[in-house]
Amino acid sequence: MKTTDVRVRRAVTAIAAGQPVVLTDGTAGDGFLVFAAAAATASLLHFTVRHTSGYVRVALPADESARLQLPPMCHGDSPDCVSVDVRGTGTGISAADRAKTIAALGSAATVASDLRRPGHVLPVQAGADGVLGRRGAAEAASDLAWLAGRGRAAGLCEIVSRRNPVLVARGGELIEFAVEHGLAVVSISELVAYRRRTEPQVIRLAEAVLPTWAGNSRVIGFRDVHDGGEHLAVIIGAADAGVPVPLHVHVECLTGDVFGSKACRCSGELNSALNRMSAQGSGVVLYLRPAGSPRACGLFARDDAGDPTAEAVAWMLRDLGVYALKLADDMPGFGLVLFGAIREHGVDAQPWAAAG
């Protein structure tokens, strides 16, 4: 098992047991104490307030914020909602009072009238796709609670530096804090990688047999579950389990594929791969179509950031039942990254020479 997966699973296990974990943000370097809202207790909030800024937030899905009638705190696209206290508490500021409010926000039994506004706990909306949509602390906290089976609501607060209490803790100090208190540590990037490896990134939409110049081909359509990009798998001959099948991965290029532009190699590489597969009587072409405007080499600026991930390729192969393949060495933009991703999904990949 990958080391990163071990760290994610340790964090998920701790959240499931009602314990806090340390979440690190690789971009800003900040660290957060995170716990499932449903597991909030007075002692847990006491620990949280003691070691953090005390500005405790609760990550909530947008639909749950709407159900509880928690409007944005300010106009615009800010995810912060109006602060609340649950009715039946005192001033709302004590650790015990805030624990009750946080637990109430994590309960499906809570209704809008149970909450006073404003209060001392700040709900913040987390994106529907979690860290696969936006790599924010709120999304990561919500994902951890969800993976732990504790609902989507999660408490989070920045850990304060002990070396310089006017700043938040970063880097090695976060690890020292976690070790001292016996807490699991996980980063947002590790959570992103874990979800991409363990959750299907595409769904099958349609299938047909199409006559092409390379012969009759079985064509299967897929859709990316997050950005809506639609991709095709073109199967020439049979893709038998255990028998290495030639594979070519192609990213859609409007100018090259449709108009035969010579400003790029896209069309030539695709046609060359189809020729070899047709001659050999077998092969698979994964034709990737990123969401948004189509790529058009020589016309629009190329944006590789919008290209489908290697995980999408791996999940398409898993759906097709292809676990042994020969990977062409002339595929643009993938190389060793693609080799690594598909092997993590149990696919045996070996080079497929461009010639022949």
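Modeller: Contact means heavy atoms within 4.5 Å of each other, and Val-34 touches Ile-15, Gln-19, Pro-20, Val-21, Leu-23, Ala-141, Leu-144, Gly-155 and Leu-156, not counting residues up to four places away in sequence. This is a predicted model, in which local features need pLDDT of at least 70 and side-chain atom pairs count only at pLDDT 80 or more, while totals for chains, interfaces and linings use all residues. Residues are numbered from 1 along each chain as its sequence is written, and side-chain values use heavy atoms, with hydrogens and water left out.

Biologist: What makes a set of residues a nonpolar core, and which residues have the most contacts inside the largest core?

Modeller: The name is given to buried Ala, Val, Leu, Ile, Met, Phe, Trp, Tyr and Cys residues joined through side-chain atoms within 4.5 Å, where buried means under 20% relative accessible area, exposed over 50% and partly exposed in between, with a 1.4 Å probe and protein chains only. The largest has 31 residues, and those with the most contacts inside it are Ile-15, Val-21, Leu-23, Val-34, Leu-144 and Leu-156. Helix α5 (137–147) is one of the elements that supply at least two residues of this core, and α5 gives the most, with six. Helices (H or I, at least four residues) and strands (E, at least two) are DSSP runs, numbered from the N terminus.

Biologist: How do you know whether Asp-143 is buried or exposed?

Modeller: The relative accessibility of Asp-143 is 0%, which is under the 20% limit, so Asp-143 counts as buried. Arg-195, at 4%, is likewise under that limit and therefore counts as buried.

Biologist: Why is the pair of Asp-143 and Arg-195 called a salt bridge?

Modeller: A salt bridge needs a side-chain nitrogen of Lys or Arg within 4 Å of a carboxyl oxygen of Asp or Glu, and the closest N and O atoms of Asp-143 and Arg-195 are 2.9 Å apart, so the pair qualifies. Asp-143 lies in helix α5 and Arg-195 in helix α7, so the salt bridge ties together parts that are 52 residues apart in sequence. Arg-195 also forms a salt bridge with Glu-199, at 2.7 Å, and a network of salt bridges links Asp-143, Arg-152, Arg-195 and Glu-199.

Biologist: What can be said of Arg-162 and Glu-180, buried or exposed?

Modeller: Their side chains meet in a salt bridge, 2.7 Å from N to O. Arg-162 has 52% relative accessibility, which is over 50%, so Arg-162 counts as exposed, whereas Glu-180, at 46%, falls between the two limits and therefore counts as partly exposed.

Biologist: Why is helix α10 described as largely enclosed by the rest of the structure?

Modeller: Nine of the eleven residues of α10 (residues 310–320) are buried, so the description follows from that count. Among the buried residues are Trp-315, Met-316 and Leu-317, and just after α10, Gly-321 takes a positive phi of about 80°.

Biologist: What makes strands β8 and β9 a pair?

Modeller: Two strands pair if DSSP finds at least two bridges between them, and ten bridges join β8 to β9 (residues 215–224), so the condition is met. The strands run antiparallel and form a hairpin with two residues between them, with Val-209 standing opposite Arg-218 in β9.
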